[in-house]
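Me: I'd like to learn how to read a few features in a structure. Can we go through them one at a time?

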Amino acid sequence: MQPIWNKIIKIVPLWIAPNLLTFSGFVMILVNYFLISFYDWDYTASGTSPGLVPTWVWLFSAFTTFCAYALDSIDGKHARRTQSSTPLGELFDHGLDSWATSIFVLSFFSVCSRDNGKTGVSVYTMYIYLSIVLFNFMCSHWEKYNTGVLFLPWGYDISQVVLITAYLLTGAVGVEVWQKPFLFGYYITDALVILLIGFSLFLSFPQTLYNIHRAHLKKTLKNDSLYEVLLPLVSPLLLFILLTVWVVFSPSNILEKQPRLFLWMVGVTFSNVICKVIICQMSSTRPELLHWFLFPLALVVYAAISGLLGWTEEAVLATFTALVTAAHVHYGICVGLQLSEHLNIYIFSLKKRVQE
């Protein structure tokens, strides 16, 4: 994709701040997600009601996905081009990526549709699919925490191209293309899930372990003890254990009733946990053993699976999701402002701050 990005970067005005490119791409992802959610809140529109989502929405999704992909790919180039590379820009980029990763997936689920007895993907498969994607993202930054190098496999580029192609195909042919057997009785969505799991288990994760092992042999590993190496994984793994317990043992089958809300909450909590790891990696500090999100989440999960919440489980999920989303946004704003002041720069401008 580099030839394309090298051409696009030439038309970006030099006065535009790199962070503005990054944020614009993220906003486009959000707009696309909320637009699809408006037409397909419960992931059934493509299955039980084909045509409920207008064709222009799928084409708009392809456009916004490509724009976000392009902006995320050229923001670093533009920063070097304008000599404005900063730790704030790196954190801004990776922090938004940690949230955008889940939003990309949640938007794509509307193309697949949830299981309707004949076609579609079950909400439990959606949860597993999302978890695997987030696991890959976590591994990349866990690797950087230990080696100092962020190695991004081609899976990211492939996934973006697949998303754009899927939206264009849906807009051109209709959602019916996902409801017909593709090869040997398997649907296209089955093939995508198989490819995702295969890529994660046999390419991405082994590559991460190999890179960390190679850094250990070269004595360039940033952490000597096994405890320090594994420490960033504790909170993310506990997070997914708690979420999985809630999914499996929920008396009201909360994932079946509110898949979009629950999966959004998964993405937000993961993003906040990983942002802490990214900051520790950038500042060469030790991450906390237990992220504070885990404590209220554990209480909610216990209350849910024990039956204490009863019929209020959905309302509690909505409240908890709103609170963690607000906390995550607040955290991002605070960190951005603190770094901006510390580095004497503006977040969305190339002008220097005036010292008081």
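Me: Where does W292 sit?

Reply: Helices here are DSSP runs (H or I, at least four residues), numbered from the N terminus. W292 falls in the loop between α10 (259-283) and α11 (294-305). Keep in mind that this is a predicted model: local features need pLDDT of at least 70, side-chain atom pairs count only at pLDDT 80 or more, and totals for chains, interfaces and linings use all residues. Residues are numbered from 1 along each chain as its sequence is written, and side-chain values use heavy atoms, with hydrogens and water left out.

Me: Why does W292 count as partly exposed?

Reply: Buried means under 20% relative accessible area, exposed over 50%, and partly exposed in between (1.4 Å probe, protein chains only). W292 has 46% relative accessibility, so it gets the middle label. V31 gets that label too, because its value is 42%; look for V31 in helix α2 (residues 18-39).

Me: And how do I read helix α5? Is it mostly covered or mostly open?

Reply: Start with the expected span, 1.5 Å times one less than the number of residues. Helix α5 (residues 123-147) has 25 residues and reaches 36 Å from its first C-alpha to its last, close to the expected 36 Å. As for cover, 21 of the 25 residues in α5 are buried, so to speak mostly covered.

Me: What comes right after α5?

Reply: That's G148, with a positive phi near 85°.

Note on methods: Helix = DSSP H or I, 4+ residues; strand = E, 2+ residues; numbered from the N terminus.
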